[in-house]
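Grab a pencil and work through these exercises with the structure open beside you. Try each task yourself before you read its solution.

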Amino acid sequence: MVSRTVRKTLAVIGAASLVGALALANPAQASSNNNSVRKLTKAVTLGGVLRHEIAFQAIGSLSGGNRGSGLAGYDRSADYVATLLRLAGYQVTRQPFPFNYFEEFGSSFEQISPNPTVYEEGVTYSLADYAGSGDVTAEVVPVDLALTPPRASTSGCEPADFTAAVVDKVVLLQRGGCPFGQKVMTAEAAGAAAVILMNQGDGTPEANPDRYSLLLPTLGAPVGIPAVGVSYATGEGFANTPGTVVRITADTTSEVRQTENVIAESRGGDPRNVVMAGAHLDSEPDTVGINDNGSGSAALLEVALQMAKTKTPNKTRFAWWGAEEANLIGSTFYVNSLTPEQQADITLYLNFDMIASANYILGVYDGDNSAGEGSPAGPPGSAEIEAVFQDFFADRGLPTRAADFTGRSDYGPFIAAGVNIPAGGLFTGAEVHKTAQDVADYGGVEGEQYDPCYHDPCDSLFPVRNGADAALYAELDRQYDMLGNLNLEALDVNSDAMATAMLTFALDTSSIPERTTAAAARTAGPFYIGKEGSI
């Protein structure tokens, strides 16, 4: 159960500063005797992990209720992690990189004439990710549409598609031929005031429903004008009604910002046999992200601190990634910054993203694709990583679920790398709904999301709940030991599983097959990630 000290601390956390958060953490002194799985899992306690979760909540509360990359809450979280790791004796690197930042504060879309119509976001229109701000009322001008089957559209892909008629107008563009961002940027360069992106309508609605339904466009990079997505039918209606006037409003921040990864490496161990683990440190811009991914970040930090004085034959490297929520930007930047020789030095990578979902399952990444669903098996060695986790849970009499290698988290760049770095890790579920079999194995509430607060402001130690949400969490509180949006039973056992896998491989990677490409890429000398504070 959560201690009285923790609950009392939570009661006053809103007044905490970063200095206060560091004081709250007060990590126990690591022991050089944490050199066995039994000793390390005893040292990695739920209380130790919660100290970091409390600090992340304090930082988020101090920073406008979020810890998103490009915002003060993330910078303070990175300061917190880096400071504790330096004090523990690690070689700490803060790796800066740019990324495309987007935050939506509100939007609207309506047809002014003829037939005034108000459209509903998420139902009949969608504001494009990375759309610019603006309030535009203008005539709709179709550009190079292909409304006759087979509708092989390249609408808006070339500057020649646009004439002077689009200046200060809302241009209507059709999916197909090039990325959405290219279409919108080309329209902006031609003088358009805003863009409507309609779905393509190729094939038949029965065979290709996703080519007719509401379009949810992502532009990939910031633009300076508003842009919305609509279904094929809505766009076709605009195209067939000359002189249609619409109003689009968008209140966004869409720009390039700087953020960073925090990387800590042991000073000893074989630099050509690196055992690496990571968790993304950022939250969505509208939440503290106490589960996604405060849980993985806090547990990884506690494991690293408790291993700080443990001498292992293999070098250990821990990473806290930035801008994961912006599409794995930090981990991708890191992997791409490595030479083939440096990639080859990483024997394996462990990933921990959401390990304390309120309505949890115990997911283990399916390294050997034994479930036969979704993505294929991971690179050679991934099955051996999976086996370590499976053995851990089996020893505790706990069932697991095969988590598909979808590439949705920071292991993606590692398994895609040219040297095929094997990977594994843990995941307790996000937006997928719990099944009857899940309830039989883990308890919880059937038909509800594994994390009912996934990408929501209620992913906090202080969630505001009412109505159905209040009833759901009352039931979860009855079944489990909960703290806000954290399932402490899942957090506790997964922290031990993380410690088990990390130390197991730090001591011995003989079960991981040698990669042919890695052997060819290796150099004679050791690799160090860089001077402290730079990369």
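## Exercise 1: A residue and its contacts

Not counting neighbours within four places in sequence, Asn494 touches Ile355, Leu362, Phe393, Leu426 and Thr428.

**Task.** Find out which helix holds Asn494, and decide whether Asn494 is buried or exposed.

**Solution.**
- Step 1: Look up the helix. Asn494 sits in helix H15, which covers residues 488-507.
- Step 2: Check the accessible area. Asn494 has a relative accessible area of 1%, and buried means under 20%.
- Step 3: Conclude. Asn494 is therefore buried.

## Exercise 2: How far can you trust the model?

**Task.** This is a predicted model, so start with confidence: what is the average pLDDT of the protein, and over which residues does pLDDT stay under 50?

**Solution.**
- Step 1: Take the overall view. The average pLDDT is 92, and 91% of the residues score at least 70.
- Step 2: Hunt for weak spots. Residues 11-19 stay under 50, and the model gives them 13 contacts beyond four places in sequence. Residues 524-535 are also below 50, with 31 contacts beyond near neighbours in sequence.
- Step 3: Decide how to read such places. Where pLDDT is low, don't read the predicted coordinates in detail.

## Exercise 3: Checking the length of two helices

**Task.** Compare the expected span of helix H8 with the distance between its end C-alpha atoms, then do the same for H4.

**Solution.**
- Step 1: Work out H8. The helix runs over residues 294-306, which is 13 residues, and at 1.5 Å a residue it should span 18 Å. If you wonder about the sum, the rule is 1.5 Å times one less than the number of residues.
- Step 2: Compare. The end C-alpha atoms of H8 are 18 Å apart, so the two values agree.
- Step 3: Repeat for H4. Its 17 residues should span 24 Å, and its end C-alpha atoms are 24 Å apart, which agrees too.
- Step 4: Look at the surroundings. In H8, 13 of the 13 residues are buried, so this helix is largely enclosed by the rest of the structure. In H4, 13 of the 17 residues are buried, so H4 is largely enclosed as well.
- Step 5: See what follows. After H4 comes Gly64, with a positive phi near 80°.

## Exercise 4: Zooming in on the helices

**Task.** Pick out Leu300 in H8 and Ile54 in H4. How far is Leu300 from Trp320 in space, and how far is Ile54 from Leu461?

**Solution.**
- Step 1: Judge burial. Leu300 has 2% relative accessibility, so it counts as buried. Ile54 is at 4%, so it counts as buried too.
- Step 2: Take Leu300. Between Leu300 and Trp320 there are 20 places in sequence and 8.7 Å in space, C-alpha to C-alpha.
- Step 3: List contacts. Beyond four places in sequence, the residues that Leu300 touches include Ala277, Phe318, Trp320 and Met498.
- Step 4: Take Ile54. Ile54 and Leu461 are 407 residues apart in sequence, and their C-alpha atoms are 8.0 Å apart.

## Exercise 5: Spotting unusual backbone

**Task.** Which residues does the cis peptide bond with omega of about 10° join, and what is the phi of Asn115?

**Solution.**
- Step 1: Recall what is usual. Most residues other than glycine have a negative phi, and most peptide bonds are trans.
- Step 2: Find cis bonds. One joins Pro149 and Pro150, with omega about 10°, and Pro150 is in the loop between strands S4 and S5. Another joins Asp292 and Asn293, with omega about 0°; Asn293 is in the loop between strand S9 and H8.
- Step 3: Find positive phi. Asn115 has a phi of about 55°, and Asn115 is in the loop between S1 and S2. Asp144 has a phi near 50° and belongs to the loop between S4 and S5.
- Step 4: Check exposure. At 59% relative accessibility, Asn115 counts as exposed, while Asp144, at 41%, counts as partly exposed.

## Exercise 6: A pocket

**Task.** What is the volume of the second largest pocket, and how many residues line it?

**Solution.**
- Step 1: Read the volume. The second largest pocket has about 260 Å³.
- Step 2: Look at the lining. It has 15 residues, with Ser266, Arg267, Gly268, Ala308 and Thr310 nearest the centre.
- Step 3: Sort the lining. Four are nonpolar, seven polar and four charged.

Technical notes. Residues are numbered from 1 along each chain as its sequence is written. This is a predicted model: local features need pLDDT of at least 70, side-chain atom pairs count only at pLDDT 80 or more; totals for chains, interfaces and linings use all residues. Side-chain values use heavy atoms; hydrogens and water are left out. Helices (H or I, at least four residues) and strands (E, at least two) are DSSP runs, numbered from the N terminus. Buried means under 20% relative accessible area, exposed over 50%, partly exposed in between (1.4 Å probe, protein chains only). pLDDT is the predictor's confidence in each residue, from 0 to 100. Contact means heavy atoms within 4.5 Å. On a 1 Å grid over the protein atoms alone, a cavity is a set of points where a 1.4 Å probe fits but cannot get out, and a pocket is an open set with protein on both sides within 12 Å along at least five of seven lines; lining residues have an atom within 4 Å of a point. Grid points are joined across faces, edges and corners, and a volume is the space filled by probe spheres set on the points. Ala, Val, Leu, Ile, Met, Phe, Trp, Tyr, Cys and Pro count as nonpolar, Asp, Glu, Lys and Arg as charged, and the others, Gly among them, as polar.
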